[in-house]
Amino acid sequence: MVIGGISIWAGVTFLLIHAARHRREAWPAEKAGALIAWGGVAFPTVVLLLLLGYAVWLMPAIRPWNLLAAKDGAIEVTGEQFWWRIRYPAVGDQPAFETANEIRLPVGRPATFSLKATDVIHSFWIPALGGKMDMIPGRTNFLTLAPTRTGSYRAPCAEFCGASHAYMAFSVVVMEEDDYNAWRSRLTDGHAGVAAEGERLLQRHGCVGCHSLRGLQIAGQTAPDLTLIGARLSIGAGALANTPENIARFIRSPSSVKPGAKMPAFNMLPEDDIEEIARYLGGLK
């Protein structure tokens with residue numbers, strides 16, 4: 001697209017300069033018409049048709065035409081106000097599992113995403129990997145992307161979805177195959193925790209009513225899964241860097257970080273309890 005845009009810009013600029021040059025005699029109408037027809041119509045049309053042809057050639061790689069096959073191995077991503085529910089399908093002897101606000105992918109392997117929304121229209125977009133696709137309540141759309149190099153990338157919601165639209169993003173980590181398999185095994189198994197007191201406080205203060213955490217007796221389904229949350233690049237769907245201090249800040253007053261967040265404030269808890277929970281969650285890696 002950059003090459004095509006530069007070509008059209010250069011051609012039109014050349015015509016403009018050529019037409020604006022001082023001449024002793026007026027241009028014949030036939031010559032002026034030929035310049036407009038060839039330079040202003042034919043040339044841009046050919047370039048745009050070439051771009052269209054290139055886009056059509058790319059489409060089989062980014063759109064799964066066999067939807068039945070795509071459903072079997074698709075990573076299910078659901079947009080919610082204002083976070084991302086992510087469910088990985090079962091692979092071999094590894095069961096399916098759910099996480100939130102971060103997607104990890106093996107490099108060099110195409111990944112198909114099943115895209116949904118529970119409340120309003122969101123839009124799934126990983127700029128470093130490919131195009132965007134709307135997530136519409138009551139509808140499932142599919143998108144296939146193929147990461148070609150390892151690294152960490154930011155993915156914003158590309159459709160205005162409410163007060164915290166600007167704070168609704170997720171991280172994408174592209175890993176080597178072995179590292180990805182090891183991460184998947186750890187996330188499937190869950191984590192028993194690094195501080196028994198933090199586990200008890202999560203249950204005592206009602207966090208289990210909304211959040212889930214594999215390896216513990218925590219099974220809430222209405223809020224982000226907290227399994228290995230300490231290993232994520234950010235918290236609050238990209239709102240804050242992932243540190244115990246920021247986790248504590250989010251627990252005290254989520255709406256001050258993300259306006260419109262459905263999680264209630266827990267600033268009534270003892271400060272020592274908040275800090276202990278934050279240390280506990282930050283250590284789940």
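Start by selecting Ala-237, in the loop that runs between strand 13 and strand 14 (240–241). Keep in mind as you click around that this is a predicted model. Look at the backbone here: phi of Ala-237 is near 55°, a positive value in a residue other than glycine. That's worth a pause, because most residues other than glycine have a negative phi. Is Ala-237 buried or exposed? Its relative accessibility is 2%, so Ala-237 counts as buried, the cut-off being under 20%.

Now go back a little in the sequence and pick Leu-228. You'll find Leu-228 in the loop between strand 12 (218–219) and strand 13 (234–235). Here too phi is positive in a residue other than glycine, with Leu-228 near 55°. Leu-228 is buried as well, with a relative accessible area of 4%.

Next stop, another backbone oddity. Select Gln-81 and Phe-82 together and check the bond that joins them: the peptide bond from Gln-81 to Phe-82 is cis, with omega near -5°. Most peptide bonds are trans. Phe-82 sits in the loop linking strand 1 (75–80) with strand 2.

From that loop, move out to the sheet. Colour its 5 strands and you can trace an open sheet in the order 3-2-1-5-8, with mixed pairing. Which strands stand at the edges? They are strand 3 (97–100) and strand 8 (141–145); each has a single partner strand, so one side of each is left without a neighbour in the sheet. Rotate the view to see the twist: neighbouring strands of this sheet are turned by 25° against each other on average, direction ignored.

Zoom in on the strand 8 end. Strand 5 (residues 111–117) pairs with strand 8 in the antiparallel sense, over 5 bridges. For one residue pair to click on, try Phe-113, whose bridge partner in strand 8 is Leu-143. Then bring up helix 4 (residues 177–189), which packs on the sheet and touches strand 2 (83–88) and strand 3. The direction of helix 4 makes about 100° with that of strand 3.

Time for some charged side chains. How many salt bridges does a search of the whole structure find? The count is 10. Show Glu-80, Arg-85 and Glu-98 as sticks, and you have a network linked by salt bridges.

Then select Glu-102 and Arg-104, whose side chains meet in a salt bridge at 2.9 Å, N to O. Both ends of this pair are tucked away: Glu-102 is buried, with a relative accessible area of 5%, and Arg-104 counts as buried at 10% relative accessibility.

For another setting, jump to Arg-204 and Glu-197, where the salt bridge spans 4.0 Å, N to O. Arg-204 is exposed, with a relative accessible area of 53%, while Glu-197 is partly exposed at 29%.

Finish with Arg-252 and Glu-271, whose side chains meet in a salt bridge at 2.4 Å, N to O. Arg-252 lies in helix 6 (residues 244–252) and Glu-271 in helix 8 (residues 271–282), so the pair ties together parts that are 19 residues apart in sequence. Turn on the surface and you'll see that Arg-252 is partly exposed, with a relative accessible area of 26%. Glu-271 counts as partly exposed too, at 35% relative accessibility.

Terms used: Residues are numbered from 1 along each chain as its sequence is written. This is a predicted model: local features need pLDDT of at least 70, side-chain atom pairs count only at pLDDT 80 or more; totals for chains, interfaces and linings use all residues. Side-chain values use heavy atoms; hydrogens and water are left out. Two strands pair if DSSP finds at least two bridges between them. Helices (H or I, at least four residues) and strands (E, at least two) are DSSP runs, numbered from the N terminus. Axes are lines fitted to C-alpha atoms, for helices over the stretch in contact, and angles run from 0 to 180 degrees between N-to-C directions. Contact means heavy atoms within 4.5 Å. Buried means under 20% relative accessible area, exposed over 50%, partly exposed in between (1.4 Å probe, protein chains only).
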